[in-house]
Amino acid sequence: MPDIFDQASDLESREREAAISVAAGRSHWTGPPPDVVCGIHCCAECGEPIPVARLAAIPGVGLCVDCAE
Ligand SMILES: [Zn+2]
C-alpha cells in the first residue's frame, strides 16, 4: 500500500507547485496585450476568446493557451 500513498503525496505536491507557479505568474505577462472586442479579451494571435480562468490567473494576458506555447 505505501506506493499508493507515495503517489498521492507526489500528486499533491505537484498540484501545489502548479498553484504556486500560477500565483507567481501574476503580473509577469510580458507578451502582447489582448484584443478587447465588446469587453471580451481575445487572443492577439488567433482572435479566439481567452478563457476567464486564464485571465484571472494571468492578468493582462494577451494570448490563448495554444498561441502562448
Ligand atoms: Zn490564440
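# A guided tour, beginning at Cys38

Select Cys38, which sits in the loop between β1 (35–37) and β2. The model on display is predicted. Cys38 counts as exposed because it has 5 C-beta neighbours inside 10 Å. Next, inspect its backbone: Cys38 is not a glycine, yet its phi is positive, at about 55°. Most residues other than glycine have a negative phi.

**The whole chain**

Now display the entire protein as a cartoon. Three helices and two strands can be traced, and from the N terminus on they follow the order α-β-β-α-α. Of the 69 residues of the protein, 12% count as buried. Among the contacts with a separation of 6 or more, 38% are accounted for by residues 24 or more positions apart.

Colour the model by confidence. The mean pLDDT of the protein is 84, and 83% of its residues reach 70 or more. Where is confidence lowest, and where is it highest? The lowest mean, 70, belongs to helix α1 (residues 2–25), and the highest, 96, belongs to strand β2 (residues 40–42). Where pLDDT is low, the predicted coordinates should not be read in detail.

**Helix α1: Ala19**

Select Ala19, a residue of helix α1. Is Ala19 buried or exposed? Ala19 counts as exposed, because 11 C-beta neighbours lie inside 10 Å, and a residue with 12 or fewer falls in that class. Add Ala57 to the selection: it is 38 residues from Ala19 along the chain, and their C-alpha atoms are separated by 9.6 Å.

**The loop before β1: Pro32**

Move to Pro32, in the loop between α1 and β1. Pro32 has 13 C-beta neighbours inside 10 Å and therefore counts as partly exposed. Which residues does Pro32 touch, not counting those up to four places away in sequence? They are Ala44, Gly62 and Leu63. With Ala44, the C-alpha to C-alpha distance is 6.9 Å, although Pro32 and Ala44 are twelve residues apart in sequence.

**The core: Val61 and its companions**

Select Cys43, Ile50, Val61, Leu63 and Cys64 together. These five residues form the largest nonpolar core. Leu63, one of the residues touched by Pro32, is thus met again here as a core member. In soluble globular proteins, nonpolar side chains tend to be buried together.

Keep Val61 selected and show its surroundings. Leaving aside neighbours within four places in sequence, Val61 is in contact with Trp29, Pro34, Ile50, Arg54 and Leu55. Of these partners, Ile50 also belongs to the core.

**Helix α2: Val52**

Finish at Val52, in helix α2 (residues 52–57). Val52 is exposed, because 10 other C-beta atoms lie within 10 Å. To close the tour, measure from Val52 to Ile40: the two are twelve residues apart in sequence, and their C-alpha atoms are 9.3 Å apart in space.

Notes. Residues numbered from 1 in each chain as written. Predicted model: local features only at pLDDT ≥ 70, side-chain atom pairs only at ≥ 80, totals over all residues. Core = buried A, V, L, I, M, F, W, Y, C linked by C-beta atoms within 7 Å. Buried ≥ 20, exposed ≤ 12 C-beta atoms within 10 Å, placed from the backbone. Contact = placed C-beta atoms within 7 Å. pLDDT = per-residue confidence, 0-100. Helix = DSSP H or I, 4+ residues; strand = E, 2+ residues; numbered from the N terminus.
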